[in-house]
Every structure is written in structure tokens, then in C-alpha cells.
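Got a few minutes to look around a protein model? Here's a quick briefing to read with the structure open beside you.

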Amino acid sequence: MSVNVLYRTSATATGGREGHARTADGAFDVRLSTPKELGGAGGTGNNPEQLFAAGYSACFLGAMKAVASQGGPKVPADTTVTAEIGIGPRSEGGFGITAALTISLPGLTREDAQALVEKAHQVCPYSNATRGNVDVQLTVA
């Protein structure tokens, strides 16, 4: 599979989960801390799972808008996508993540909302990147 890259960005992390991450352009700059559930102090910084949740939810909403622009029902302005990301040990060893997206499309019929979500899941870059590797659950609220 090839990708016609239209945009690139980069970020650098130092110190791992108890460190710091920053994009090359400085637009995103975050302190990192490990949650207590993973053996950390649970400080005021963010963790990679939170960053993944924010990215996936925003990207999925964008995918729904892209699908809708090609003739589907319009995405209501008050639409929300909430991504819940889990992390823990895998039975095969190492660690793995899970993802659960809850999508609220006020004003759309359940049938239209479900169809839009399923189409978006096929085009969303995060969904494509995780497909076959991460258990992703989709729920229309």
C-alpha cells in the first residue's frame, strides 16, 4: 500500500512517560506523566493514551465530515466523538491498547448515523492504522 503524503509533522519526546514532548514547530508542547494505574505518580502532565484519544476522536469526526461531503447526511455542528483508550498487558506478552469510540450525531436517525460511522471507519486514517492491530469498538450514542 502506498500513501500520497500531503502533510508531514514531527514531534520529539524526551524522558519517556515522565518527560516532555514537543512538535518541531513548537505549536504543541506538553509535559508527560505516567498514570498511577501504570505505576507512575499520576502527575499533572498528559500521557500518550490521552494524546491518542484526542487525536483519534478529532480525526474520526473529520472522517465523518469528509464522508458526508460526498453525499451523505450532514454532520450536525454539535456532533461529538469520545475516544476511550485502554492500555494493559497482552496475553501474548508486552502491552497493547484498545479503543472505544462513542459518537453522538444529534438530529440524525439511528440508521443514518450508523451508516455514516461505518463509512467514516473505512476512511479514517487512525481507523486504518489500527485495523487488525487494535480492538476498536464503535458505538452510536
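What follows covers the core, the salt bridges and the largest pocket. Keep in mind that this is a predicted model.

**The nonpolar core**

- Let's start inside: the largest nonpolar core has 25 residues, and the ones that touch the most other members are Phe60, Met64, Ile103, Leu105 and Leu116.
- Five elements each chip in at least two residues: helices H1 (48-68) and H2 (110-123), plus strands S4 (80-89), S5 (95-104) and S6 (135-140).
- H1 gives the largest share of this core, with 8 residues.
- Want to zoom in on one member? Ile103 is in contact with Phe60, Met64, Thr80, Val81, Val117, Leu138, Thr139, Val140 and Ala141, leaving aside its neighbours within four places in sequence.

**The salt bridges**

- Side chains of opposite charge can pair when their charged atoms come close.
- How many salt bridges does the structure hold? There are 2 of them.
- One joins Arg17 to Glu49, and the closest N and O atoms are 2.6 Å apart.
- This pair links distant parts of the chain, 32 residues apart: Arg17 sits in the loop between strand S1 (11-14) and strand S2 (20-23), while Glu49 belongs to helix H1.
- Is Glu49 buried or exposed? Glu49 is buried, because its relative accessible area is 11% and the cut-off for buried is under 20%.
- Its partner Arg17 comes out as partly exposed, at 28% relative accessible area.
- Another salt bridge pairs Arg22 with Asp29, with 3.5 Å between the closest N and O atoms.
- Here, Arg22 is partly exposed with a relative accessible area of 37%, and Asp29 also counts as partly exposed, with a relative accessibility of 46%.

**The largest pocket**

- Rolling a probe the size of a water molecule over the atoms shows where empty space is left.
- The largest pocket in this model has a volume of about 150 Å³.
- Which residues line the largest pocket? They are Pro35, Glu37, Leu38, Asn47, Glu49, Gln50, Ala53, Ile85, Gly86 and Ile87.
- H1 and S4 are the elements that give two or more residues to this lining.
- By type, the lining residues split into 5 nonpolar, 3 polar and 2 charged.
- You've met one of these names already: Glu49 lines the largest pocket and also forms the salt bridge with Arg17.
- Helix H1 is another name to remember, as H1 supplies residues to the core and to the pocket lining.

Definitions and conventions
Residues numbered from 1 in each chain as written. Predicted model: local features only at pLDDT ≥ 70, side-chain atom pairs only at ≥ 80, totals over all residues. Heavy atoms only, no water. Core = buried A, V, L, I, M, F, W, Y, C linked by side-chain atoms within 4.5 Å. Buried < 20%, exposed > 50% of the residue type's maximum accessible area, 1.4 Å probe, protein only. Helix = DSSP H or I, 4+ residues; strand = E, 2+ residues; numbered from the N terminus. Contact = heavy atoms within 4.5 Å. Salt bridge = Lys/Arg side-chain N within 4 Å of Asp/Glu carboxyl O. 1 Å grid on protein atoms, 1.4 Å probe; cavity = no way out; pocket = protein on both sides within 12 Å on 5 of 7 lines; lining within 4 Å. Points joined across faces, edges and corners; volume = space filled by probe spheres on them. Nonpolar A, V, L, I, M, F, W, Y, C, P; charged D, E, K, R; others polar.
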